[in-house]
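User: Could you take a close look at one residue in this model and the part of the structure around it? I'd enjoy a connected walk outward from that spot to the rest of the assembly.

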Amino acid sequence: MRAFALIAVLAAILLASGTTYAVDPTEMPTPELQRRYLGLTHELRCMQCQNEAIADSPVSLAADLRRQVREMLIAGKSDDDVRNYMVARYGDFILFRPRVSSRTLWLWSAPGVLLLIGAAVAVRVTRQRAALVDQDNEPVEEDIRSS
Amino acid sequence: MNRFVLPLGVFALLAIVLGIGIKHSQDKGTIPSPLIGKAAPQFTLPVLTDTSRTFSPADLKGRWYVFNVWGTWCGGCRQEHEALLEIRKTTQVPLVGLDWKDEDPQALQWLSQLGNPYEVVAADREGRIAIEWGVYGAPETFLVDPQGIVVYKYIGPLTLEAWQTQFVPRLPPEQAGKS
């Protein structure tokens with residue numbers, strides 16, 4: 001319980017400190033555009049650092065890509081227009097959430113397949129255990145005598 | 001015995017699948033360009049050495065050219081510079097430079113001190129054209145054919161060896177060498 005409280009406190013500190021590191025001060029003209037801008041800049045990968053979104057990255061390419069997103073949104077482009085623009089230039093890799101295509105189908109289906117395998121194993125194991133209980137209702141003495 | 005068969009089988013299958021994945025995955029540092037096989041992005045930018053003029057890839061229509069993205073802030077670009085100068089001497093394919101997010105005076109100084117391997121250098125001061133070309137880290141070098149199609153992209157400092165093995169075979173022989 002104590003350890004849990006400690007973890008909760010540490011997690012809270014970490015989360016709170018994260019917000020102080022915002023690298024992107026951009027403010028969009030309307031709250032709606034701001035919401036879409038933040039959504040997009042968090043789902044596009046910074047290609048230089050690769051494990052950061054362009055929203056969180058201080059490198060100059062990320063700033064240029066944020067400018068591109070901002071300008072496209074202000075020009076009235078849709079979120080998908082922006083995604084398509086980026087994918088056409090940088091490839092699927094720029095999206096943190098890979099698209100469903102023939103190449104990524106196995107990736108998207110993996111959780112379901114793994115879940116099915118897990119369920120099959122679980123069913124098998126419970127059936128076996130149930131069978132064990134059925135067999136185990138013989139008196140213990142009899143086991144000893146028979147052996 | 002029997003109860004080991006299934007886990008072992010699953011393990012073997014996983015090992016094979018992951019093994020294939022590792023074998024076929026490219027170097028994580030290089031990401032394939034979706035521009036290969038597509039038309040090179042068009043643009044018009046000031047020429048670094050004479051900003052009263054502009055350069056556009058359309059000017060090179062009908063010719064093979066090498067499109068090299070560099071900047072004076074880029075360590076790998078310094079590293080590949082000797083190779084570019086050497087390549088310039090051996091081929092008649094023009095080298096086009098894209099000076100990416102750079103200060104003009106510094107770039108000019110770089111070229112006058114180290115030598116200028118480029119037929120023309122376009123100044124992409126704001127980095128907009130680099131985005132059009134899907135550039136994510138200089139140096140990057142593209143090969144474009146006479147129809148304006150991107151044929152190949154090389155990521156990282158270019159070497160003479162990479163030029164010989166990756167670029168020359170893609171070029172018509174009479175273009176690759178100096179006539």
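Analyst: Happy to. Let's start with V150(B), in this predicted model. Leaving aside residues up to four places away in sequence, V150(B) touches L35(B), I36(B), K38(B), A40(B), F142(B) and V144(B). The residue itself sits in strand β7 of chain B. Is V150(B) buried or exposed? With 21 other C-beta atoms within 10 Å, V150(B) is buried, because the cut-off for that label is 20 or more.

The contacts with L35(B), I36(B), K38(B) and A40(B) reach a distant part of the sequence, and one pair shows how far. V150(B) and G37(B) are 113 residues apart in sequence, yet their C-alpha atoms are 5.5 Å apart in space.

The contact with V144(B) has a strand-pairing side to it. V144(B) has V150(B) as its bridge partner in β7(B). That bridge belongs to a wider arrangement: strand β6 (residues 140-144) of chain B and strand β7 (residues 150-155) of chain B pair in the antiparallel sense, over five bridges. The two strands form a hairpin with five residues between them, and there G148(B) takes a positive phi near 85°.

V144(B) deserves a pause of its own. Beyond residues up to four places away in sequence, V144(B) touches A40(B), W64(B), Y65(B), F67(B), I149(B), V150(B) and V151(B). A40(B) therefore appears in the contact lists of both V150(B) and V144(B), given that contact here is C-beta atoms within 7 Å. V144(B) also stands out in the largest nonpolar core: of its 56 residues, A130(B) and V144(B) touch the most other members.

Stepping back along the chain from β6(B), there is a backbone feature to look at. P139(B) lies in the loop between α4 (128-132) and β6 of chain B. The peptide bond joining A138(B) and P139(B) is cis, with omega about -5°.

Further back comes a β-α-β unit. Strand β4 (residues 95-100) of chain B pairs with β5(B) in the parallel sense, over five bridges. One of the partnerships is that of D99(B) with A123(B) in β5(B). Between the strands, the chain passes from β4(B) through helix α3 (residues 104-114) of chain B to β5(B), and this crossover is right-handed. How many of the five residues of β5(B) are buried? Four of the five residues in strand β5 (residues 120-124) of chain B are buried, so the strand is largely enclosed by the rest of the structure.

The loop that leads from β4 to α3 of chain B holds K101(B). Phi of K101(B) is near 50°, a positive value in a residue other than glycine. K101(B) is partly exposed, with 19 other C-beta atoms within 10 Å; that falls short of the burial label, because burial needs 20 or more.

Now for chain B as a whole. Its secondary structure comes to six helices and seven strands, and along the sequence they follow the pattern α-β-β-β-α-β-α-β-α-β-β-α-α. Buried residues make up 33% of the 179 residues in chain B. Of its contacts with a separation of 6 or more, 74% are accounted for by residues 24 or more positions apart. As for overall dimensions, chain B has a radius of gyration of 21 Å, whereas a compact globule of 179 residues would have one near 16 Å. Along the principal axes, the C-alpha atoms of chain B fill a box of roughly 80 × 35 × 30 Å.

Finally, the partner chain. Chain A has six helices and zero strands, and 16% of its 147 residues count as buried. In chain A, residues 24 or more positions apart account for 43% of the contacts with a separation of 6 or more. Where the chains meet, 12 residues of chain A are in contact with 11 residues of chain B. On the chain A side, the elements giving two or more residues are α3 (60-74) and α4 (79-90) of chain A. α3(A) gives the most, with five residues. By type, the chain A side divides into six nonpolar, four polar and two charged residues.

Conventions
Residues are numbered from 1 along each chain as its sequence is written. Chains are lettered from A and ligands numbered from 1 in the order in which they are written. This is a predicted model: local features need pLDDT of at least 70, side-chain atom pairs count only at pLDDT 80 or more; totals for chains, interfaces and linings use all residues. Two residues are in contact if their C-beta atoms, placed from the backbone, lie within 7 Å. Ala, Val, Leu, Ile, Met, Phe, Trp, Tyr, Cys and Pro count as nonpolar, Asp, Glu, Lys and Arg as charged, and the others, Gly among them, as polar. A residue is buried if 20 or more other C-beta atoms lie within 10 Å of its own, exposed if 12 or fewer, and partly exposed in between; C-beta atoms are placed from the backbone. Two strands pair if DSSP finds at least two bridges between them. A crossover is right-handed if, with the strands pointing away from the viewer, the path from the first strand over the helix to the second runs clockwise. A nonpolar core is a set of buried Ala, Val, Leu, Ile, Met, Phe, Trp, Tyr and Cys residues joined through C-beta atoms within 7 Å. The radius of gyration is taken over C-alpha atoms; the globule rule is 2.2 Å times the number of residues to the power 0.38.
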